[in-house]
Amino acid sequence: MKLLVSACLMGENCKYNGGNNKNAAMLAFAEGNEVCTICPEVLGGLPTPRVPSELRGERVVNKEGEDVDLPFRLGAEKSLAIAKKFDPDLVILQPRSPSCGVHSRYDGTFTGTLLPGAGVTADLLMKNGFPVIDSEDLEAGRTRA
């Protein structure tokens, strides 16, 4: 199986705070499969570490109030280009992220409040027909979008 995976889930230190979201279930599921990793935020030109960002309405803003929508959208487009070339059987992304959140994302107030809806990359991949789940789906045994 070909898997397109959020790089942070595989242990790459690309998370906003310079760390990762290494996920044991993800690593186990990846064994024996062909894996391509992406970090849309890094692909969009954002540094690691970086100021945390959230979706506020239709725009991505960081905790300092700066509009960072453009690099998030660019990263989503680059992720889509990679997906089209790699042609994964399944995409597995980081939950609640403004890029990779599949089912929900933070609301832009930086208070930990969640809203239903996908992050910009997850949304773009799903709109282009890719089967997308998040790592919590995988941990719950759900491996289909």
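Colleague: Why is Arg-73 called partly exposed?

Modeller: Arg-73 has a relative accessibility of 31%. Buried means under 20% relative accessible area, exposed means over 50%, and partly exposed is whatever falls in between, with a 1.4 Å probe and protein chains only. The value for Arg-73 falls in that middle range, and therefore the residue counts as partly exposed.

Colleague: What should be known about the model before its values are read?

Modeller: It is a predicted model, in which local features need pLDDT of at least 70 and side-chain atom pairs count only at pLDDT 80 or more, while totals for chains, interfaces and linings use all residues. Residues are numbered from 1 along each chain as its sequence is written, and side-chain values use heavy atoms, with hydrogens and water left out.

Colleague: What makes the contact of Arg-73 with Asp-69 a salt bridge?

Modeller: The term requires a side-chain nitrogen of Lys or Arg within 4 Å of a carboxyl oxygen of Asp or Glu. The closest N and O atoms of Arg-73 and Asp-69 are 3.1 Å apart, so the pair meets the criterion. Both residues lie in helix α3, four residues apart, about one turn of the helix. Helices here are DSSP runs of H or I with at least four residues, strands are runs of E with at least two, and both are numbered from the N terminus.

Colleague: How do you know that Asp-69 also pairs with Arg-59?

Modeller: The closest N and O atoms of Asp-69 and Arg-59 are 3.4 Å apart, which satisfies the salt-bridge limit and therefore qualifies the pair. This pair links distant parts of the chain, with Asp-69 in helix α3 (residues 69-86) and Arg-59 in strand β4 (residues 59-62), ten residues apart.

Colleague: Why is Asp-69 classed as buried or exposed, and what of Arg-59?

Modeller: Asp-69 has a relative accessible area of 5% and is therefore buried. Arg-59, at 42%, counts as partly exposed.

Colleague: What makes Arg-142 and Asp-137 a salt bridge?

Modeller: Their side chains meet at 3.0 Å, N to O, so they too satisfy the criterion. Arg-142 is partly exposed at 46%, whereas Asp-137 counts as buried at 5%. Elsewhere, salt bridges that share partners join Arg-59, Asp-67, Asp-69 and Arg-73 into one network. The structure holds seven salt bridges.

Colleague: Why is phi of Asp-87 singled out?

Modeller: Most residues other than glycine have a negative phi, and most peptide bonds are trans. Asp-87 is not a glycine, yet its phi is near 55°, a positive value. Asp-87 sits in the loop between α3 and β5 (90-93) and is partly exposed at 49%. Arg-96 likewise has a positive phi, of about 65°, although it is not a glycine. Arg-96 lies in the loop between β5 and β6 (104-106), and its relative accessible area of 24% makes Arg-96 partly exposed.

Colleague: Which bond joins Thr-48 and Pro-49, and where is Pro-49?

Modeller: A cis peptide bond joins the two, with omega about -5°. Pro-49 is placed in the loop between α2 (40-43) and β3 (53-56).

Colleague: What does Pro-71 touch?

Modeller: Pro-71, in helix α3, touches Pro-40, Gly-44 and Leu-46, residues up to four places away in sequence not being counted. A contact here means heavy atoms within 4.5 Å. Pro-71 and Leu-43 are 28 residues apart in sequence, with their C-alpha atoms 8.2 Å apart in space.

Colleague: How do you know that the chain agrees with a compact globule?

Modeller: The radius of gyration is taken over C-alpha atoms, and the globule rule is 2.2 Å times the number of residues to the power 0.38. For 145 residues a compact globule would have a radius near 15 Å, and the chain has 14 Å, which agrees. The C-alpha atoms fill a box of roughly 45 × 25 × 25 Å along the principal axes. Buried residues make up 47% of the 145 residues.

Colleague: How many helices and strands does the chain have?

Modeller: The chain has five helices and eight strands. From the N terminus on, they run β-α-β-α-β-β-α-β-β-β-α-β-α.
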